[in-house]
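Student: I would like a close look at one helix of this model, followed by an account of how the rest of the protein is arranged. Please take the helix at the start and go on from there in one connected answer.

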Amino acid sequence: MAKRPKQRKGRAGGTRPGKPVSASRVEMVEVVLPQDANVLGNILGGRVMHLVDIAAAIAAHRHSNSHVVTASVDYVDFRNPIRIGELILLRSHINRVFRTSMEVGVKVFSENVLTGQRKHTTTAYVTFVAIDENGRPKAVPPLLLETAEDRRRYRDALYRRRIRLAYRYKRSRSAEDRRLMDDFN
Ligand SMILES: CC(C)(COP(=O)(O)OP(=O)(O)OC[C@H]1O[C@@H](n2cnc3c(N)ncnc32)[C@H](O)[C@@H]1OP(=O)(O)O)[C@@H](O)C(=O)NCCC(=O)NCCS
């Protein structure tokens, strides 16, 4: 049975019914074409980031059933190149929801169609904010955690949020975040 993290009324959608991580998970696949690549025949980093944004946005749309905007991309790395003719696979999932925002994790893989070999090429964390018809942030449903992996991602997302908000607001929201942590423990 899906585990719902303890939540303070009014936070992360308050008493609204939650949605499991699996309900918004996304898998996307594309072939790498010459126009996506640099002169070495490897996919451009900017093209990967574009696809990461789309895969992450779809997960955020599915979870919130709402319009969303990208608030931040706080981590992207490129571990292995992806060559022209290979497949690029993207998997995205909601790691944690706060009140109006959602952290989405995206993992990217290459697949060689001749050998079937897959390599993990990129990890990224993207935060989306759900907005209403007037463009104002609106609360999103709570997230239901189903697996040990869901719970690990949920815990880790809080640390990343503290760092990104410290940069954004030039101060730490540590009191609020301590409350969130207490809610989970
Ligand atoms: C993102 C945006 C809606 C935030 O609006 P805001 O007036 O700063 O709103 P608030 O300070 O009330 O924050 C609203 C939520 O955004 C989150 N947020 C704001 N900046 C953030 C950032 N850099 N990283 C992560 N979350 C952020 C806040 O934590 C809050 O989430 P919570 O309710 O879950 O705690 C607004 O800055 C915006 O519209 N930005 C442009 C988005 C866009 O056009 N993106 C496309 C690429 S340009």
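Tutor: The helix to begin with is α2, whose 22 residues reach 32 Å from the first C-alpha to the last, close to the 32 Å expected at 1.5 Å a residue. Everything said here refers to a predicted model, and the positions discussed should be read in that light. The buried residues of α2 are Asp150, Arg153, Tyr154, Ala157, Arg161 and Leu165. They lie on the same side of α2, because the arc that they cover around the axis is only 100°. On the other side of the helix one finds the exposed residues Ala148, Arg152, Tyr159, Ile163 and Tyr167.

The helix also takes part in the surroundings of the ligand. Along with β3 (67–78) and β6 (118–131), α2 (148–169) supplies at least two residues of the shell around the ligand. The greatest contribution to that shell comes from β3, which gives four residues. There are 14 residues around the ligand, and of these Ser72, Phe98, Arg99, Thr100 and Ser101 come nearest. Sorted by class, the shell is made up of six nonpolar, five polar and three charged residues.

To place α2 within the whole, consider the order of the elements along the chain. The protein has three helices and seven strands, and when it is read along the sequence these follow the pattern β-β-α-β-β-β-β-β-α-α. Of the 185 residues in the protein, 34% are buried. Among the contacts with a separation of 6 or more, 73% are between residues 24 or more positions apart.

Strand β4 offers a useful second point of reference. This strand, residues 87–97, is mostly covered, with nine of its eleven residues buried. It is paired with β2 (residues 26–31) through six bridges, the two strands running antiparallel, and within the pairing valine 31 stands opposite leucine 87 of β4. Strand β4 is also joined by ten bridges to β5 (residues 101–111), again in an antiparallel arrangement, where isoleucine 88 has serine 110 of β5 as its bridge partner. The connection from β4 to β5 is a hairpin of three residues.

Two individual residues carry the picture down to single positions. Valine 26, which lies in strand β2, counts as buried because it has 20 C-beta neighbours inside 10 Å. Setting aside its neighbours within four places in sequence, valine 26 is in contact with Ala55, Ile58, Ala59, Arg91 and Ser92. Valine 26 and valine 106 are 80 residues apart in sequence, while their C-alpha atoms are 9.2 Å apart in space. Glutamine 35, by contrast, is found in the loop between β2 and α1 (45–64), and it counts as exposed because it has 8 C-beta neighbours inside 10 Å. Its C-alpha atom is separated by 9.1 Å from that of isoleucine 84, although glutamine 35 and isoleucine 84 are 49 residues apart along the chain.

How values were computed. Residues numbered from 1 in each chain as written. Predicted model: local features only at pLDDT ≥ 70, side-chain atom pairs only at ≥ 80, totals over all residues. Buried ≥ 20, exposed ≤ 12 C-beta atoms within 10 Å, placed from the backbone. Contact = placed C-beta atoms within 7 Å. Near = placed C-beta within 6 Å. Nonpolar A, V, L, I, M, F, W, Y, C, P; charged D, E, K, R; others polar. Expected span 1.5 Å × (residues − 1). Arc of directions from axis to C-beta. Pairing = 2+ DSSP bridges.
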